[in-house]
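Me: I am new to reading protein structures, and a whole chain is a lot to take in. Could you pick one part and take a close look at it with me?

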Amino acid sequence: MVGKLLLRGMLAGLIAGILVFAFAHIFGEPLVDAAIAFEEASAQAAGEATEPEIVSRATQAGLGLFTGVMAYSIAVGGLFSLAFAFVHGRFSSLSARGTSAVIAIAAFVAVVFVPGIKYPANPPAVGNPETIGVRTELFFLMIVVSLASLVAAVALSRRLGERFGLWNGAIIAGIAYLVFIGFVLYLLPPINEVPENFSAMVLWRFRTTSLGMHAILWATLGLVFGALAERGLAAKSGLRSAFR
C-alpha cells in the first residue's frame, strides 16, 4: 500500500507542479525580468562588463522553470505520501483527507512560512554573491529547527492531551512552539542585502508571489492527495471485506 500511496503522492505533485508553474510563469517571471534589468543597469552604471548569457532568458522562464518546478513538486509529493503513510491511523482518528490536510498545513508553516519570516525569498540583484553560502546554511538551519520544533510540539501535545485534554494540550504545545521559534528567530543573525535604490514594490511582489507558489503547492498536495488516498484506502478496505 505504501507503494501505491507513493504513486498517488507523485501524481498529486505532478498536478501541483503544473499549477505552480502556471502561477510562477504569469506572476513571477515579470518580476524576475524587472530585477535582472535593475542588476544590468547597476552593472553598467558601475562600469562593469555584462556577464555572458549561458542560457537564454526565454529558456530559463519556460523549459527551465517548468523542469525545475515539476521535479521539485513531484519529489515533494512523494515525500508527502511517505509522511502520510507514517502518520495516518497512528496519531489521530482523522480521515485520509483530514490527515492529508493537517500534514499540508503543518508542512507549509514549518517549511515555508516560519523560515520565510527570518529569511524571505529574494529576486536577482538582491544579495551579495560572496555570502550565498552563509545565507543558504542559515536558511536550511531555520527549516531544520522549525521542523524539529513542530515534531516536538506534536509529541508534547499528545502527552499534555492525556492530562489536560486534547484541546488544552494542543493550545499549550502550540504556544510553546511559537515561543521557541520566536527565540530562535531572535538569535539567528539577520541578513539585509537589498540595494538602496531597488524597487520596494518589486521586492514585495516577488516575496508574496514566492509565498503564493508554495501555498498552491501545499494546498494542492493536501487536497488532491487526500482525495486520492481516501479512494485508495476505501478500495483496499472493500477488498478486505469481500474476502472475509
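Reply: Here is a walk around helix α3 and its links, with a short stop elsewhere at the end.

This is a predicted model, in which local features need pLDDT of at least 70 and side-chain atom pairs count only at pLDDT 80 or more, while totals for chains, interfaces and linings use all residues. Residues are numbered from 1 along each chain as its sequence is written, and side-chain values use heavy atoms, with hydrogens and water left out.

Let's start with the helices themselves (DSSP runs of H or I with at least four residues, numbered from the N terminus). Two packed helices are described by the angle between their axes and the distance between the axes. Helix α2 covers residues 57–87 and helix α3 residues 96–118; their axes come within 10 Å and cross at roughly 120°. α2 is therefore oblique to α3, as angles under 35 degrees count as roughly parallel, over 145 as roughly antiparallel, 65 to 115 as roughly perpendicular and the rest as oblique. Those axes are lines fitted to C-alpha atoms over the stretch in contact, and the angles run from 0 to 180 degrees between N-to-C directions.

Between α2 and α3 there is a loop, and H88 lies in it. H88 is partly exposed, with a relative accessible area of 24% (buried means under 20%, exposed over 50%, partly exposed in between, with a 1.4 Å probe and protein chains only). Though twelve residues separate H88 from S100 in sequence, their C-alpha atoms are 8.4 Å apart in space.

Now follow α3 to a charged contact. The whole structure has two salt bridges (a side-chain nitrogen of Lys or Arg within 4 Å of a carboxyl oxygen of Asp or Glu). One joins E230 to R97, with 3.0 Å between the closest N and O atoms. This pair links distant parts of the chain: R97 sits in helix α3, E230 in helix α6 (residues 200–242), and they are 133 residues apart. Both ends are partly exposed: E230 has a relative accessible area of 31%, and R97 has 45%.

The other bridge pairs E193 with R135, whose closest N and O atoms are 3.3 Å apart. R135 belongs to helix α4 (residues 132–164) and E193 to the loop between α5 (166–187) and α6, so this pair ties together parts 58 residues apart in sequence. E193 is partly exposed too, at 25% relative accessible area.

As a last stop, look at L14 in helix α1 (residues 2–45). L14 is partly exposed, with a relative accessible area of 32%.

Technical notes:
Helices (H or I, at least four residues) and strands (E, at least two) are DSSP runs, numbered from the N terminus.
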